[in-house]
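Here's a walk through one protein model, going from a few backbone oddities to the packing inside. Keep the structure open while you read.

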Amino acid sequence: MKVARFYAPGDIRIEEAPEPSPGPDEVKIRVHACSTCGTDLKIFRHGHHHIDPPRVIGHEIAGEVVETGAEISGWEAGDRVQVIAAIPCGECADCRRGWRTICPNQLSMGYHFDGGFAEYMIVPQRVLRVDGLNRIPEGLSYAEASVAEPLACVLNGQEFAQVGEGDVVVVTGAGPIGCLHVRLARARGAAAVYLVELNRGRLDMAADIVKPDATICGSETDPVQAVLDLTDGRGADVIITAAAAGKAQEDGLKMAARRGRISFFGGLPKDNPIIACDSNLVHYRELTIYGANGSSPEHNKRALELIATGAVPVDDLITHRLKLDGVLDAIDTVASGEAIKVTIEPAAS
(Lines give C-alpha, C1' and ligand atoms only; values in the text may rest on other atoms or scores of the structure.)
Protein backbone atom coordinates (compact mmCIF):
# COMPACT_ATOMS: atom_id res chain seq x y z
CA MET A 1 0.00 0.00 0.00
CA LYS A 2 0.95 3.66 -0.24
CA VAL A 3 1.57 5.87 2.84
CA ALA A 4 2.73 9.40 3.64
CA ARG A 5 5.35 9.03 6.35
CA PHE A 6 6.94 11.80 8.42
CA TYR A 7 10.70 11.38 9.02
CA ALA A 8 11.85 14.81 10.18
CA PRO A 9 10.87 18.47 9.83
CA GLY A 10 10.57 19.17 6.11
CA ASP A 11 10.74 15.46 5.28
CA ILE A 12 7.47 13.66 4.51
CA ARG A 13 7.80 10.83 2.00
CA ILE A 14 5.20 9.05 -0.10
CA GLU A 15 6.28 5.41 0.21
CA GLU A 16 5.21 1.86 -0.44
CA ALA A 17 4.60 -0.18 2.72
CA PRO A 18 3.19 -3.62 3.53
CA GLU A 19 -0.52 -3.68 4.24
CA PRO A 20 -1.02 -4.03 7.99
CA SER A 21 -2.87 -6.92 9.57
CA PRO A 22 -5.05 -6.40 12.64
CA GLY A 23 -4.18 -8.02 15.93
CA PRO A 24 -6.86 -10.03 17.74
CA ASP A 25 -8.29 -6.90 19.41
CA GLU A 26 -7.87 -4.47 16.48
CA VAL A 27 -9.77 -3.35 13.38
CA LYS A 28 -8.32 -2.70 9.94
CA ILE A 29 -9.91 -0.01 7.78
CA ARG A 30 -9.48 1.24 4.25
CA VAL A 31 -9.07 5.00 4.55
CA HIS A 32 -11.46 6.88 2.28
CA ALA A 33 -10.84 10.39 3.65
CA CYS A 34 -8.32 12.00 5.96
CA SER A 35 -8.65 15.76 6.18
CA THR A 36 -5.68 18.00 6.87
CA CYS A 37 -5.37 20.71 9.49
CA GLY A 38 -2.92 23.32 10.71
CA THR A 39 -1.37 20.77 13.04
CA ASP A 40 -0.20 18.72 10.03
CA LEU A 41 1.56 21.85 8.76
CA LYS A 42 3.20 22.37 12.17
CA ILE A 43 4.36 18.74 12.21
CA PHE A 44 5.82 19.10 8.71
CA ARG A 45 7.70 22.27 9.66
CA HIS A 46 8.76 21.53 13.22
CA GLY A 47 7.96 17.93 14.13
CA HIS A 48 6.17 17.17 17.38
CA HIS A 49 7.42 15.99 20.77
CA HIS A 50 4.85 13.17 20.78
CA ILE A 51 5.99 11.82 17.41
CA ASP A 52 8.85 9.35 17.28
CA PRO A 53 9.65 9.17 13.54
CA PRO A 54 9.12 7.57 11.18
CA ARG A 55 5.35 7.90 11.55
CA VAL A 56 2.37 7.91 9.20
CA ILE A 57 0.54 11.11 10.14
CA GLY A 58 -3.05 12.26 9.58
CA HIS A 59 -5.69 12.26 12.30
CA GLU A 60 -9.05 13.36 10.80
CA ILE A 61 -9.98 9.89 9.61
CA ALA A 62 -12.96 8.19 7.97
CA GLY A 63 -12.99 4.85 6.22
CA GLU A 64 -14.44 1.39 5.75
CA VAL A 65 -13.83 -1.69 7.88
CA VAL A 66 -12.11 -4.39 5.82
CA GLU A 67 -10.97 -6.85 8.49
CA THR A 68 -11.42 -7.44 12.21
CA GLY A 69 -9.37 -9.31 14.79
CA ALA A 70 -10.57 -12.60 16.23
CA GLU A 71 -11.64 -11.00 19.52
CA ILE A 72 -13.63 -8.15 17.94
CA SER A 73 -17.42 -8.18 17.99
CA GLY A 74 -19.87 -5.57 16.76
CA TRP A 75 -17.85 -4.60 13.70
CA GLU A 76 -17.66 -6.27 10.31
CA ALA A 77 -16.30 -5.67 6.83
CA GLY A 78 -18.18 -2.92 5.03
CA ASP A 79 -19.02 -0.84 8.10
CA ARG A 80 -18.45 2.87 7.45
CA VAL A 81 -16.56 4.45 10.35
CA GLN A 82 -14.97 7.60 11.72
CA VAL A 83 -11.98 7.38 14.08
CA ILE A 84 -11.29 9.68 17.03
CA ALA A 85 -7.93 11.47 17.07
CA ALA A 86 -7.36 12.11 20.79
CA ILE A 87 -7.48 8.87 22.80
CA PRO A 88 -8.09 9.19 26.55
CA CYS A 89 -7.11 6.35 28.85
CA GLY A 90 -10.61 6.13 30.34
CA GLU A 91 -9.23 5.14 33.73
CA CYS A 92 -7.45 8.10 35.37
CA ALA A 93 -9.01 10.48 37.90
CA ASP A 94 -9.84 13.04 35.20
CA CYS A 95 -11.43 10.47 32.88
CA ARG A 96 -13.49 9.08 35.76
CA ARG A 97 -14.83 12.60 36.34
CA GLY A 98 -15.85 12.81 32.71
CA TRP A 99 -13.02 15.17 31.80
CA ARG A 100 -11.65 13.04 28.96
CA THR A 101 -10.36 16.01 26.94
CA ILE A 102 -7.69 16.66 29.58
CA CYS A 103 -6.64 13.07 30.24
CA PRO A 104 -2.95 13.22 31.25
CA ASN A 105 -2.39 9.82 29.62
CA GLN A 106 -3.90 10.80 26.27
CA LEU A 107 -2.47 9.27 23.12
CA SER A 108 -3.25 10.34 19.55
CA MET A 109 -3.73 8.87 16.10
CA GLY A 110 -1.00 10.02 13.73
CA TYR A 111 1.28 10.72 16.70
CA HIS A 112 1.59 7.61 18.88
CA PHE A 113 -0.12 5.35 16.30
CA ASP A 114 0.09 5.41 12.51
CA GLY A 115 -2.59 7.70 11.13
CA GLY A 116 -4.79 8.17 8.11
CA PHE A 117 -2.45 9.31 5.34
CA ALA A 118 -2.38 5.72 4.14
CA GLU A 119 -4.53 3.45 2.02
CA TYR A 120 -5.07 1.12 4.99
CA MET A 121 -4.58 1.57 8.72
CA ILE A 122 -5.13 -0.21 12.00
CA VAL A 123 -7.56 1.10 14.60
CA PRO A 124 -5.74 0.16 17.81
CA GLN A 125 -7.35 -1.48 20.81
CA ARG A 126 -6.79 1.72 22.77
CA VAL A 127 -9.34 3.48 20.51
CA LEU A 128 -11.85 0.65 20.73
CA ARG A 129 -11.55 0.51 24.51
CA VAL A 130 -12.93 4.05 24.86
CA ASP A 131 -15.63 3.60 22.19
CA GLY A 132 -13.72 5.76 19.75
CA LEU A 133 -14.74 4.05 16.50
CA ASN A 134 -17.99 5.63 15.32
CA ARG A 135 -20.49 4.55 12.69
CA ILE A 136 -20.97 7.10 9.94
CA PRO A 137 -24.68 7.99 9.64
CA GLU A 138 -26.49 7.00 6.46
CA GLY A 139 -26.15 9.55 3.68
CA LEU A 140 -22.98 11.15 5.04
CA SER A 141 -19.90 11.04 2.80
CA TYR A 142 -16.51 9.91 4.05
CA ALA A 143 -15.10 13.39 3.45
CA GLU A 144 -17.83 14.99 5.54
CA ALA A 145 -17.33 12.38 8.28
CA SER A 146 -13.62 13.19 8.43
CA VAL A 147 -14.52 16.75 9.46
CA ALA A 148 -16.30 15.39 12.54
CA GLU A 149 -12.99 15.38 14.43
CA PRO A 150 -12.32 19.14 14.21
CA LEU A 151 -16.02 19.83 14.74
CA ALA A 152 -15.83 17.72 17.90
CA CYS A 153 -13.09 20.02 19.19
CA VAL A 154 -15.21 23.06 18.32
CA LEU A 155 -18.18 21.49 20.11
CA ASN A 156 -16.09 20.96 23.24
CA GLY A 157 -14.98 24.60 23.21
CA GLN A 158 -18.47 26.02 22.73
CA GLU A 159 -20.08 23.77 25.32
CA PHE A 160 -17.41 24.74 27.84
CA ALA A 161 -17.91 28.47 27.09
CA GLN A 162 -21.70 27.95 27.20
CA VAL A 163 -22.51 29.41 23.79
CA GLY A 164 -26.29 29.56 23.60
CA GLU A 165 -29.53 31.30 22.72
CA GLY A 166 -29.28 35.02 22.15
CA ASP A 167 -25.51 35.31 22.51
CA VAL A 168 -23.49 37.73 20.43
CA VAL A 169 -20.42 35.72 19.44
CA VAL A 170 -17.10 36.89 17.99
CA VAL A 171 -14.90 34.32 16.26
CA THR A 172 -11.32 35.38 15.59
CA GLY A 173 -9.65 33.39 12.82
CA ALA A 174 -11.24 32.53 9.46
CA GLY A 175 -9.61 29.15 8.93
CA PRO A 176 -11.54 25.88 8.95
CA ILE A 177 -11.87 25.94 12.74
CA GLY A 178 -13.18 29.51 12.69
CA CYS A 179 -15.71 28.57 10.00
CA LEU A 180 -16.91 25.62 12.07
CA HIS A 181 -17.22 27.91 15.10
CA VAL A 182 -19.42 30.31 13.12
CA ARG A 183 -21.72 27.52 12.00
CA LEU A 184 -21.92 25.80 15.37
CA ALA A 185 -22.64 29.08 17.18
CA ARG A 186 -25.55 29.61 14.80
CA ALA A 187 -26.77 26.06 15.42
CA ARG A 188 -26.63 26.72 19.18
CA GLY A 189 -28.88 29.76 18.84
CA ALA A 190 -26.49 32.72 18.76
CA ALA A 191 -28.23 35.99 17.93
CA ALA A 192 -25.27 37.26 15.91
CA VAL A 193 -21.87 35.93 14.92
CA TYR A 194 -19.02 38.23 13.86
CA LEU A 195 -15.90 36.92 12.11
CA VAL A 196 -12.50 38.61 12.62
CA GLU A 197 -9.46 37.87 10.46
CA LEU A 198 -6.24 39.71 9.56
CA ASN A 199 -6.02 38.43 5.98
CA ARG A 200 -8.59 40.12 3.75
CA GLY A 201 -8.59 37.38 1.10
CA ARG A 202 -9.05 34.61 3.65
CA LEU A 203 -11.78 36.58 5.41
CA ASP A 204 -13.71 37.13 2.20
CA MET A 205 -13.37 33.48 1.15
CA ALA A 206 -14.62 32.21 4.51
CA ALA A 207 -17.40 34.79 4.77
CA ASP A 208 -18.68 33.90 1.32
CA ILE A 209 -19.25 30.34 2.58
CA VAL A 210 -20.33 30.67 6.22
CA LYS A 211 -21.91 34.14 5.96
CA PRO A 212 -21.34 35.69 9.40
CA ASP A 213 -23.50 38.63 10.42
CA ALA A 214 -20.48 40.92 10.06
CA THR A 215 -16.84 40.63 9.06
CA ILE A 216 -13.95 42.57 10.58
CA CYS A 217 -10.58 42.70 8.85
CA GLY A 218 -8.06 43.18 11.64
CA SER A 219 -5.39 44.55 9.30
CA GLU A 220 -7.72 47.36 8.17
CA THR A 221 -9.49 48.35 11.38
CA ASP A 222 -9.27 47.98 15.15
CA PRO A 223 -11.29 44.81 15.86
CA VAL A 224 -12.05 45.84 19.44
CA GLN A 225 -13.58 49.13 18.37
CA ALA A 226 -15.42 47.40 15.51
CA VAL A 227 -17.06 44.94 17.92
CA LEU A 228 -17.98 47.75 20.31
CA ASP A 229 -19.52 49.69 17.40
CA LEU A 230 -21.53 46.64 16.31
CA THR A 231 -22.86 46.11 19.83
CA ASP A 232 -23.63 49.74 20.73
CA GLY A 233 -20.67 49.78 23.09
CA ARG A 234 -21.73 46.71 25.09
CA GLY A 235 -19.29 44.17 23.71
CA ALA A 236 -19.81 40.51 22.82
CA ASP A 237 -21.13 37.77 25.09
CA VAL A 238 -18.64 35.19 23.83
CA ILE A 239 -15.28 35.64 22.13
CA ILE A 240 -13.61 32.57 20.59
CA THR A 241 -9.97 32.98 19.57
CA ALA A 242 -9.53 30.39 16.82
CA ALA A 243 -6.12 31.81 15.97
CA ALA A 244 -2.66 31.18 17.41
CA ALA A 245 -2.10 34.84 18.25
CA GLY A 246 -1.57 36.45 21.63
CA LYS A 247 -3.05 39.73 20.37
CA ALA A 248 -6.29 37.95 19.51
CA GLN A 249 -6.54 36.78 23.12
CA GLU A 250 -5.70 40.24 24.48
CA ASP A 251 -8.29 41.82 22.17
CA GLY A 252 -10.83 39.21 23.26
CA LEU A 253 -10.66 40.48 26.83
CA LYS A 254 -11.21 44.06 25.66
CA MET A 255 -14.21 43.33 23.42
CA ALA A 256 -16.12 41.21 25.96
CA ALA A 257 -19.37 42.44 27.46
CA ARG A 258 -19.96 42.32 31.19
CA ARG A 259 -20.15 38.68 32.30
CA GLY A 260 -18.59 37.84 28.93
CA ARG A 261 -16.88 34.51 28.25
CA ILE A 262 -13.60 34.27 26.37
CA SER A 263 -12.51 30.93 24.92
CA PHE A 264 -8.78 30.61 24.29
CA PHE A 265 -9.41 27.97 21.64
CA GLY A 266 -6.20 28.33 19.65
CA GLY A 267 -2.98 27.57 21.51
CA LEU A 268 -0.05 29.98 21.29
CA PRO A 269 3.49 29.19 20.04
CA LYS A 270 5.47 27.47 22.78
CA ASP A 271 8.23 30.09 22.55
CA ASN A 272 5.79 32.98 23.05
CA PRO A 273 2.83 31.86 25.20
CA ILE A 274 2.55 34.86 27.53
CA ILE A 275 -0.07 37.58 26.99
CA ALA A 276 -0.90 40.87 28.73
CA CYS A 277 -4.10 40.42 30.74
CA ASP A 278 -5.81 43.46 32.24
CA SER A 279 -6.87 41.82 35.49
CA ASN A 280 -9.17 44.72 36.30
CA LEU A 281 -11.21 44.01 33.18
CA VAL A 282 -11.68 40.44 34.38
CA HIS A 283 -12.43 41.63 37.92
CA TYR A 284 -14.84 44.48 37.36
CA ARG A 285 -16.64 43.04 34.33
CA GLU A 286 -16.84 39.56 35.91
CA LEU A 287 -15.33 37.94 32.84
CA THR A 288 -14.62 34.24 32.52
CA ILE A 289 -11.69 32.85 30.53
CA TYR A 290 -11.97 29.28 29.26
CA GLY A 291 -9.39 26.97 27.79
CA ALA A 292 -10.33 24.44 25.11
CA ASN A 293 -8.36 21.29 24.49
CA GLY A 294 -9.37 18.77 21.86
CA SER A 295 -12.40 16.54 22.16
CA SER A 296 -13.71 13.37 23.75
CA PRO A 297 -15.08 10.24 22.02
CA GLU A 298 -18.58 11.45 22.91
CA HIS A 299 -17.95 14.81 21.23
CA ASN A 300 -17.04 12.93 18.04
CA LYS A 301 -20.32 11.02 18.07
CA ARG A 302 -22.35 14.20 18.52
CA ALA A 303 -20.32 16.00 15.86
CA LEU A 304 -21.23 13.30 13.35
CA GLU A 305 -24.90 13.79 14.20
CA LEU A 306 -24.65 17.58 13.84
CA ILE A 307 -23.20 17.09 10.35
CA ALA A 308 -25.65 14.34 9.36
CA THR A 309 -28.73 16.33 10.42
CA GLY A 310 -27.56 19.42 8.55
CA ALA A 311 -27.28 21.48 11.73
CA VAL A 312 -23.61 22.12 10.90
CA PRO A 313 -22.98 21.64 7.15
CA VAL A 314 -19.36 20.92 6.23
CA ASP A 315 -19.32 19.73 2.62
CA ASP A 316 -18.92 23.25 1.24
CA LEU A 317 -15.98 23.86 3.60
CA ILE A 318 -14.00 21.16 1.78
CA THR A 319 -12.49 23.31 -0.95
CA HIS A 320 -9.77 20.90 -2.08
CA ARG A 321 -9.74 17.09 -2.47
CA LEU A 322 -6.45 15.40 -3.33
CA LYS A 323 -5.14 11.88 -3.70
CA LEU A 324 -2.57 10.45 -1.31
CA ASP A 325 0.24 11.41 -3.68
CA GLY A 326 -0.81 15.01 -3.11
CA VAL A 327 -0.15 15.18 0.64
CA LEU A 328 2.71 17.66 0.24
CA ASP A 329 0.60 19.77 -2.11
CA ALA A 330 -2.17 19.66 0.51
CA ILE A 331 0.20 20.91 3.20
CA ASP A 332 1.42 23.69 0.89
CA THR A 333 -2.19 24.66 0.23
CA VAL A 334 -2.94 24.79 3.95
CA ALA A 335 0.15 26.96 4.44
CA SER A 336 -0.88 29.34 1.66
CA GLY A 337 -4.27 30.09 3.18
CA GLU A 338 -5.90 29.46 -0.20
CA ALA A 339 -8.19 26.73 1.12
CA ILE A 340 -10.72 26.25 3.87
CA LYS A 341 -10.48 22.45 4.26
CA VAL A 342 -8.19 20.15 2.30
CA THR A 343 -9.10 16.45 2.30
CA ILE A 344 -6.88 13.58 1.25
CA GLU A 345 -8.70 10.61 -0.29
CA PRO A 346 -6.29 7.64 -0.18
CA ALA A 347 -8.84 5.16 -1.52
CA ALA A 348 -8.88 7.17 -4.76
CA SER A 349 -5.13 6.69 -5.30
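Glu-286 sits in the loop that links helix 10 (279-285) to strand 16 (288-291). Keep in mind that this is a predicted model. The phi angle of Glu-286 is near 55°, a positive value in a residue other than glycine. Is Glu-286 buried or partly exposed? With a relative accessibility of 43%, Glu-286 counts as partly exposed.

Lys-211 also has a positive phi, near 50°, and again this is not a glycine. You'll find Lys-211 in the loop between helix 7 and strand 13 (214-217).

Then there's a proline pair to look at. The peptide bond running from Pro-53 to Pro-54 is cis, and its omega is near -5°. Pro-54 belongs to the loop between helix 1 and strand 4 (55-56).

Arg-55 is part of strand 4. Despite being an arginine, Arg-55 counts as buried, because its relative accessibility is 16% and the cut-off for buried is under 20%. What does Arg-55 touch, once residues up to four places away in sequence are left out? Its partners are Ala-4, Arg-5 and Phe-6, plus the run Gly-110, Tyr-111, His-112, Phe-113 and Asp-114. As for Ala-339, 284 residues separate it from Arg-55 in sequence, and the two C-alpha atoms are 25 Å apart.

Here are the accessibility values for four residues side by side.

| Residue | Relative accessibility | Class |
|---|---|---|
| Cys-92 | 11% | buried |
| Arg-55 | 16% | buried |
| Cys-277 | 41% | partly exposed |
| Glu-286 | 43% | partly exposed |

On to the cysteines. How many disulfides are there? The count is zero. Why doesn't Cys-92 form one? The closest cysteine sulfur to that of Cys-92 is in Cys-95, 3.6 Å away, which is too far for a bond, since a disulfide calls for sulfurs within 2.5 Å.

Now for the helix packing. Helix 1 (residues 38-46) packs against helix 12 (residues 327-336) at an angle of about 110°, and the two axes are 9 Å apart. That makes helix 1 and helix 12 roughly perpendicular to each other, because angles from 65 to 115 degrees fall in that class. On the helix 1 side, the contact uses Gly-38, Asp-40, Leu-41, Phe-44 and Arg-45, while helix 12 brings Leu-328, Ile-331, Val-334 and Ala-335. Sorted by class, the contact between helix 1 and helix 12 has six nonpolar residues, one polar and two charged.

Finally, the nonpolar interior. The largest nonpolar core has 44 residues, and those with the most contacts inside it are Leu-151, Val-169, Leu-180, Leu-195 and Val-312. Elements giving two or more residues to this core include helix 4 (142-146), helix 6 (176-187), helix 7 (200-210) and helix 11 (297-308), with strand 11 (168-172), strand 12 (192-197) and strand 14 (236-241) also among them. Which element gives the largest share of this core? That's helix 5, with six residues.

Zoom in on Leu-195. Setting aside neighbours within four places in sequence, Leu-195 contacts residues including Val-171, Val-182, Leu-203 and Ala-206, as well as Pro-212, Ala-214 and Ile-216.

A second core, separate from the one above, has 41 residues. Leu-41, Val-83, Tyr-120 and Leu-324 are among them. You've already met Leu-41 as one of the helix 1 residues in the contact with helix 12.

Note on methods
Residues numbered from 1 in each chain as written. Predicted model: local features only at pLDDT ≥ 70, side-chain atom pairs only at ≥ 80, totals over all residues. Heavy atoms only, no water. Buried < 20%, exposed > 50% of the residue type's maximum accessible area, 1.4 Å probe, protein only. Axes fitted to C-alpha atoms, helices over the stretch in contact; angles between N-to-C directions. Helix = DSSP H or I, 4+ residues; strand = E, 2+ residues; numbered from the N terminus. Parallel < 35°, antiparallel > 145°, perpendicular 65-115°, else oblique. Contact = heavy atoms within 4.5 Å. Nonpolar A, V, L, I, M, F, W, Y, C, P; charged D, E, K, R; others polar. Core = buried A, V, L, I, M, F, W, Y, C linked by side-chain atoms within 4.5 Å.
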